[in-house]
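The following note is addressed to a colleague who is beginning to read protein structures. Please keep the sequence and the model in view while working through the numbered points.

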Amino acid sequence: MPDKNTIESLIEKALDARTFSYSPYSEYQVGAALLAGDGTVYMGCNIENAAYSPTNCAERTAFFKAVSEGKIEFRAIAIVGGAKGKEITKYAYPCGVCRQVMMEFCRPDDFYIIVAKSATEYDVKTLEELLPDGFGAANL
Ligand code: THU
């Protein structure tokens, strides 16, 4: 589990990333900050589309930025989400598709998903807790 300072700093970066959310249709803004194995942090926001289905979640934006720059080992991700212009009142746990993308690159018992309302109010779960018995490369 990342230490308190690392968690708080990842949440701050996720909050920053959320300001770039392109979400004119749902007006639900999500930000993510993904900590790679080498310490680099990749930020992501949700990016919506008028055709709806091409929409990309904040978590996957961060993963795809990292993988496209050669990183395939990860330690943790912080996620913040909430309605535009309102206070964040709920934890934004990742959707099923994003959990499956995490499954591709992360060790389920050693990848930490931090969902936050603020830098000091958060919940931490492993990928294994959020995607039990997940399907991955080891199953093939
Ligand atoms: N969204 C994310 O960015 N991450 C999730 O894990 C769930 C949903 C986005 C997609 C869409 O732009 C908006 O939130 C509402 O579903």
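**Note on the ligand site, a buried arginine and the salt bridges**

1. A backbone N or O atom of Ala 58 lies 3.0 Å from an oxygen atom of the ligand. This is a polar contact, that is, a pair of N or O atoms within 3.5 Å; within protein, one atom must be able to donate a hydrogen and the other to accept it, and residues adjacent in sequence count only if both atoms are side-chain atoms. Two side chains also approach ligand oxygen atoms through a polar atom: that of Asn 46 at 2.9 Å and that of Glu 59 at 2.8 Å. The protein covers 76% of the 380 Å² of accessible area that the ligand has on its own (Shrake-Rupley method with a 1.4 Å probe; for residues, only the protein chains shown count as cover).

2. The model is predicted: local features need pLDDT of at least 70, side-chain atom pairs count only at pLDDT 80 or more, and totals for chains, interfaces and linings use all residues. Residues are numbered from 1 along each chain as its sequence is written, and side-chain values use heavy atoms, with hydrogens and water left out.

3. Which residues surround the ligand? They are Ser 26, Tyr 28, Val 30, Asn 46, Glu 48, Thr 55, Cys 57, Ala 58, Glu 59, Pro 94 and Cys 95 (a residue is near a molecule if one of its heavy atoms lies within 4 Å of it). At least two residues of this shell come from strand S1 (28-36), and at least two from helix H2 (58-67). Helices (H or I, at least four residues) and strands (E, at least two) are DSSP runs, numbered from the N terminus.

4. Arg 18 belongs to helix H1 (residues 4-18) and deserves attention. Arg 18 is buried yet has no salt bridge, and Asp 16, the nearest side chain of opposite charge, is 10 Å away. Buried means under 20% relative accessible area, exposed over 50%, and partly exposed in between (1.4 Å probe, protein chains only). For charge, Lys and Arg count as positive and Asp and Glu as negative, while His and the chain ends are not counted. The side chain of Arg 18 does reach the backbone oxygen of Ala 83, at 3.5 Å. Leaving aside residues up to four places away in sequence, Arg 18 touches ten named here in part, among them Gln 29, Val 30, Ala 83 and Ile 88 (contact means heavy atoms within 4.5 Å).

5. How many salt bridges does the structure hold? There are 5, each defined as a side-chain nitrogen of Lys or Arg within 4 Å of a carboxyl oxygen of Asp or Glu. One joins Lys 4 and Glu 8 (3.5 Å, N to O); the two are 4 residues apart in helix H1, so about one helical turn separates them. Lys 4 is exposed at 55% relative accessibility.

6. Arg 107 is paired with Asp 109 in a salt bridge, with the closest N and O atoms 3.1 Å apart. Arg 107 is exposed at 53%, whereas Asp 109 is partly exposed at 40%. Glu 121 and Lys 117 form a further salt bridge (3.6 Å, N to O); Glu 121 is partly exposed at 39%, and Lys 117 is partly exposed at 24%.

7. Finally, the backbone should be checked at Glu 27, which has a positive phi of about 55 degrees although it is not a glycine. Glu 27 lies in the loop between H1 and S1 and is partly exposed, at 41%.
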